[in-house]
Amino acid sequence: MLTIDCTITPGNERETVLAIDDLLRQMDRAQVDRAVIQPQDRCLAVANAEGNRRMLEMARAHPDRLVPACSVNPWYGRAAAEELLRAVADGARMLVLAPALQGYILGDELLNPVLDALGGRPMPVYVHTGPHLQSAPWQLALLAERYPHLPFIMGHSGATDFWTDVVPAARAAPNIYLESSFARPFTFARHLQALGAERGIMGSAAPRNDLKFEWEQMRAVLKPDAYSGFYGATLAGLLERGAL
Amino acid sequence: MIVDMHTHWGAAWADQDQTDPSQGLKIFDSYDITHAILMASLALSDNAEIARDNDRVAEVCRRSGGRMIPCLTVHPCHGVRAVEEARRCIKTLGARGMKFHPWLQGFSVMDKTMDELAELAAEHNLPVFFHDGTPCYSMPSQIAGLARRHPRTIFVLGHAGLLELWREGIEAVRRHTNLWACMCGPHLAAQKEYFRCCDHQRLVWGSDYGFGFADPISYRLGLLQALKLPDHVMECVLDKNPRRLLRLAGA
């Protein structure tokens, strides 16, 4: 069974310090085949190109284990769209948006040039959700309706306070997938039971969380035999479609 | 010995077991949790339930043989009636703490009655627990503002700022010696920062168990254990600090 961790930040600052060798060891211990790696906070907010290059380099060194994500801050306007296309051309397989860090309300038309730059390519768009004003599940639903061909991954499933909104918002937009990190197994399991296993994606948010601990806890609640898509196949399908 | 500093008697439990704590205690036993502060649940979302829920929580605690410790709630916007209900809970129900959830209950901690309640808590040595981590009424900095105005009262950030406001929580706890934080909500890295930056004598642990039947204890206790704290710090967080705060035997 293929296992992929959707949410890893191998950074070198603040609470996301994680060296690549350490990450690979942790993945081995947790029996995780692959990980999508995304830039650290400063690189999500301002130093987009630096962060994207770093992810691409790490993934190139371990192409069988690491899948590079990229991010651009839409406040950079045309330069953001150009950086996104450059990163995609170099191998980035997922776009990461962090409205609270990047400074806009999720769904703001500011995002249009960035998402339009993807053209018809159904690249998965991971959105960090949870911050109250900037990144709520229903804000994501509105955006997802505007771009129905793009798969949107609701990072953290609105944790903590939007647990009531997650399932109805995801039902409103079938191109939304729920990512599990920070949502905690005892809450996330209820989301998937309501929405369907095929709409879930596993993420640990390491190193903010302990990778092995998060996988163990989740496997204890959502049994791998019944949720194989959640643990890897669903995300693999999205990444594959986005790479076309 | 473990004292869980954040549990509720939720509607699901009240429907299933009324005021019988035996099923809940079995769960606690499986984690070696000896005691737990028990907070209301229905009363946090329905003002009409406040007195009934305070009675219910007290009865559950009474039947637990002292393992569950009652925590009262009132709605500050009820003014004099709120203070009277708080006095009743302290005097006749044996409440050992106050709990407020400004986000769910819908009030600002700047409410004048909150000042009266904070002073009442100080008078009776009761800690005041808050839901926190949620704008616009439950931010750690707002509760820190209350702690600043009432230095005799001990306040507890019930969620240590959750996932978004934990840095604010750390700053608030460092600034005010009468402000404590409960490790119940922040991720692992944030909890590490709490232990690096704050006085561990004012940190406790909680599970938020009891809103429904889902069991958050395994995850949340596991998260604390994953911090790999020195034994003496772990003992403080899980046992000594809560006993001191609640004035339990062995403190």
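B:Val128 touches B:Met98, B:Ala118, B:Ala121, B:Thr153, B:Ile154, B:Phe155 and B:Val156, leaving aside residues up to four places away in sequence. This description concerns a predicted model. B:Val128 is also one of the residues with the most contacts inside the largest nonpolar core, which has 156 residues. The others named for that core are A:Ala35, A:Leu140, A:Ile176, B:Leu38, B:Met98 and B:Cys182. In soluble globular proteins, nonpolar side chains tend to be buried together.

The sheet of chain B may be taken next. Eight strands of chain B form an open sheet in the order S1-S2-S3-S4-S5-S6-S7-S8, with parallel pairing. Its edge strands are S1 (2–8) and S8 (203–205) of chain B, each of which pairs on one side only. On average, neighbouring strands of this sheet are turned by 30° against each other, direction ignored. At one end of the order, S7(B) and S8(B) pair in the parallel sense over three bridges, and B:Ala181 stands opposite B:Leu203 in S8(B).

Strand S2 (residues 33–39) of chain B contains B:His35. B:His35 counts as buried because 22 other C-beta atoms lie within 10 Å, where the cut-off for burial is 20 or more. Its contacts, not counting residues up to four places away in sequence, are B:Val3, B:Arg67, B:Ile69 and B:Leu248. The C-alpha atoms of B:His35 and B:Ile2 are separated by 6.8 Å, although the two residues are 33 residues apart along the chain.

Helix H8 (residues 140–149) of chain B has as its buried residues B:Pro140, B:Gln142, B:Ile143, B:Ala144, B:Leu146 and B:Ala147. An α-helix has 3.6 residues a turn, so residues three or four places apart point the same way. The buried residues of H8(B) pack against helices H7 (112–123) and H9 (166–175) of chain B, and against strands S5 (128–130), S6 (155–157) and S7 (179–183) of chain B.

Chain A likewise holds an open sheet of eight strands in the order S1-S2-S3-S4-S5-S6-S7-S8, paired in parallel. S1 and S8 of chain A are the edge strands, and each pairs on one side only. Strand S1 (residues 4–8) of chain A is largely enclosed by the rest of the structure, because five of its five residues are buried. Three bridges join S1(A) to the parallel strand S2 (residues 34–37) of chain A. Across this pairing, A:Ile4 stands opposite A:Arg34 and A:Asp5 stands opposite A:Ala35. Together with helix H1 (residues 20–29) of chain A, S1(A) and S2(A) make a right-handed β-α-β unit.

S2(A) is covered on both faces: A:Arg34 and A:Val36 on one side, and A:Ala35 and A:Ile37 on the other, are all buried. A:Ala35 is, in addition, among the residues with the most contacts inside the largest nonpolar core. S2(A) is also joined by three bridges to strand S3 (residues 66–71) of chain A, the two running parallel, and A:Ile37 stands opposite A:Pro68 in S3(A). Helix H3 (residues 48–61) of chain A lies across S2 and S3 of chain A, at about 170° to S3(A).

Further along the sheet of chain A, strand S5 (residues 125–128) and strand S6 (residues 152–155) run parallel and are joined by four bridges. A:His128 stands opposite A:Gly155 in S6(A). Helix H7 (residues 137–146) of chain A lies across S5, S6 and S7 of chain A, running at about 170° to S6(A).

The last step leads to the contact between the chains, which takes 19 residues from chain A and 17 residues from chain B. On the side of chain A, helix H9 (185–195) and helix H10 (211–221) are the elements that give two or more residues. H9(A) gives the most, with three residues. By class, this side of chain A has eight nonpolar, five polar and six charged residues.

In H9(A), the buried residues are A:Pro185, A:Phe186, A:Thr187, A:Phe188, A:His191 and A:Leu192. Within chain A, the buried residues of H9(A) pack against helix H8 (166–172), strand S7 (176–179), strand S8 (200–201), H10 and helix H11 (228–242). They also pack against helix H11 (217–226) of chain B. H9(A) is followed by A:Gly196, whose phi is positive, near 115°.

Terms used: Residues are numbered from 1 along each chain as its sequence is written. Chains are lettered from A and ligands numbered from 1 in the order in which they are written. This is a predicted model: local features need pLDDT of at least 70, side-chain atom pairs count only at pLDDT 80 or more; totals for chains, interfaces and linings use all residues. Two residues are in contact if their C-beta atoms, placed from the backbone, lie within 7 Å. Ala, Val, Leu, Ile, Met, Phe, Trp, Tyr, Cys and Pro count as nonpolar, Asp, Glu, Lys and Arg as charged, and the others, Gly among them, as polar. A residue is buried if 20 or more other C-beta atoms lie within 10 Å of its own, exposed if 12 or fewer, and partly exposed in between; C-beta atoms are placed from the backbone. Two strands pair if DSSP finds at least two bridges between them. A crossover is right-handed if, with the strands pointing away from the viewer, the path from the first strand over the helix to the second runs clockwise. A nonpolar core is a set of buried Ala, Val, Leu, Ile, Met, Phe, Trp, Tyr and Cys residues joined through C-beta atoms within 7 Å. Axes are lines fitted to C-alpha atoms, for helices over the stretch in contact, and angles run from 0 to 180 degrees between N-to-C directions.
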